[in-house]
Structure formats: structure tokens, C-alpha cells
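Q: Please go through this model with me, setting each structural label against the definition behind it.

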Amino acid sequence: MFYYYGRKQKIFNRYPKPKLDLIIEPFAGSAAYSMNYHNRDVILIEKDKRIANLWNYLINVESDEILSLPLLNNGQSLNDEEFSYLNENQKVLIGFFLNPGSAQPKKSPGSFCGWNEKNRLKLSKDVKKVSHWTVINDDYRNVDNHMATWYIDPPYQGNGGQYYKHGNKDFDYEYLSEWVKERNGQTIVCENSEATWMDFKPLVNIQGQKHKTTEVIYYQEKGINEDIDDFFKKSFGQ
């Protein structure tokens, strides 16, 4: 839906498809996984109030309002007086497009600015797809253990997880590990190869702007008839 640090849009198809009608993302971010299965019922849990408020805006906004949002030229800033009519959610939304891949919204167009007519038009269409979604501003620990497809993409334990407002500093990965194992339904956990808090398996190598990393996955099913070993053999050739 919008650009965000750690977004999985380019590799979403490497993850298992949802087997259940309800998808829950307890670390929502930009919810790239759910966007690719937007017709499902989706519950987003987001601890960062600014991101949760942005999702609430996108779930309720009309397409015409998105199309009316201004495009910025090089040298312009959302702090300029001419843009003072924009509300906070609109500025945050545009800010994430101004410098794609950032964990914080920006004020001025960056070198890789993605806020243009093409993406604004796409966004105006995308908001229609999520009007039935639910977003909750809360900690992941407080969500009910529904029978669902759980797509769990927490702040990474290693390098990179520190850039979020609620990042990996003092994060209790031991607790998260036990919480993951208790989930009902289908559970997909994302991490990179530095992580040690679950029995992760390699998924795909990614070349970032500065570094090459290996994305890893933990997968389980609880209450669904499936041979997990067979899943990995079919998916990863292991």
C-alpha cells in the first residue's frame, strides 16, 4: 500500500500462500503480504500509533481524496506553507513515498522518490481493496489467538531491526518465540540469517542498496492437516 522499511512486496510470492480466510499481521508495517491477498479478512496489529493511524486513514479514505493529494517537486517540502492544509495522516503517507524504504516519513523528495502520478493513481485504487480490513493500535501480545494465517514480521533481531520506533532494542525474542509456537492455524515468521530465536530455514537472498542479506523463514501449522516437511521439500527443494 505504501513504501516502508522492511517491506516484503518484492518477495511476497516466496512465502506460503494463506490457507485460511483470516490473515493477521501482528507487526503490520505496510502489510505487503496481506495486500496481495486483500480479499481475505485482515486484522493488522501495529504498536506504532503513527502507522496505525495511517492504516485507519487508508481503510476509510475515498479514492478522490487520494487523487487530490499534491505532488512535490524537487526543493519543495511538506513543511512549506502551501501544504499546511494537509492533515497529519496525509503528510505521513506522502512522506513514506518521498523516500521509499525509510522507516520514517520524509519531508522532501529523495533521489528515489516514489510519489508521482502513477503511484498516486495506484494508491487511489488500492484503498478500495482494504475498506473491510481492521487495524488495532496495540502490542502483539494482546491479540486473541484466532484460527488464522499469521504473518509475523517483527523487528529483526540483527542489524536493521533498530530503525523502527519500536525496534529490537530490549525486545524479548524469547517471549515472542513461545508466543509464535502457540498460534492457531498457519504461522509464517520472517527474519534474516542473523536471527537465533527460532529454527529458521533459508528462504531467499536479497541485494539491498548497501548489503546482500538472506531472508529466512519459520513455518508451522496447528489445527491444519499438512505435512510440514513435505511443504519445505516442495517449496525450497530441501
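Q: How many salt bridges does the structure hold, and what makes a pair count as one?
A: The structure holds seven salt bridges, a salt bridge being a side-chain nitrogen of Lys or Arg within 4 Å of a carboxyl oxygen of Asp or Glu. This is a predicted model, in which local features need pLDDT of at least 70 and side-chain atom pairs count only at pLDDT 80 or more, while totals for chains, interfaces and linings use all residues. Residues are numbered from 1 along each chain as its sequence is written, and side-chain values use heavy atoms, with hydrogens and water left out.

Q: Why is the contact between Lys-19 and Glu-221 called a salt bridge?
A: Their side chains meet at 2.9 Å, N to O, and the cut-off is 4 Å, so the pair qualifies. Lys-19 lies in the segment before strand S1 (22–25) and Glu-221 in strand S7, so the pair ties together parts that are 202 residues apart in sequence; strands here are DSSP runs of E with at least two residues, and helices are runs of H or I with at least four, numbered from the N terminus.

Q: What makes Glu-221 buried and Lys-19 partly exposed?
A: Buried means under 20% relative accessible area, exposed over 50%, and partly exposed in between (1.4 Å probe, protein chains only). Glu-221 has 15% and is therefore buried, whereas Lys-19, at 40%, counts as partly exposed.

Q: How do you know that Lys-47 and Asp-139 form a salt bridge, and which parts does the pair tie together?
A: The side chains of Lys-47 and Asp-139 meet at 3.4 Å, N to O, which is within the limit and therefore counts. Lys-47 lies in the loop between S2 and H2 and Asp-139 in the loop between strand S3 (134–136) and strand S4 (147–152), so the pair ties together parts that are 92 residues apart in sequence. Lys-47, Asp-139 and Arg-141 are linked in a network of salt bridges.

Q: Why is Asp-126 called buried, and where does its salt-bridge partner Lys-122 lie?
A: Asp-126 has a relative accessible area of 4%, so it is buried, while Lys-122, at 47%, counts as partly exposed. The closest N and O atoms of this salt bridge are 2.8 Å apart, and both residues lie in helix H5 (residues 117–126), four residues apart, about one turn of the helix.
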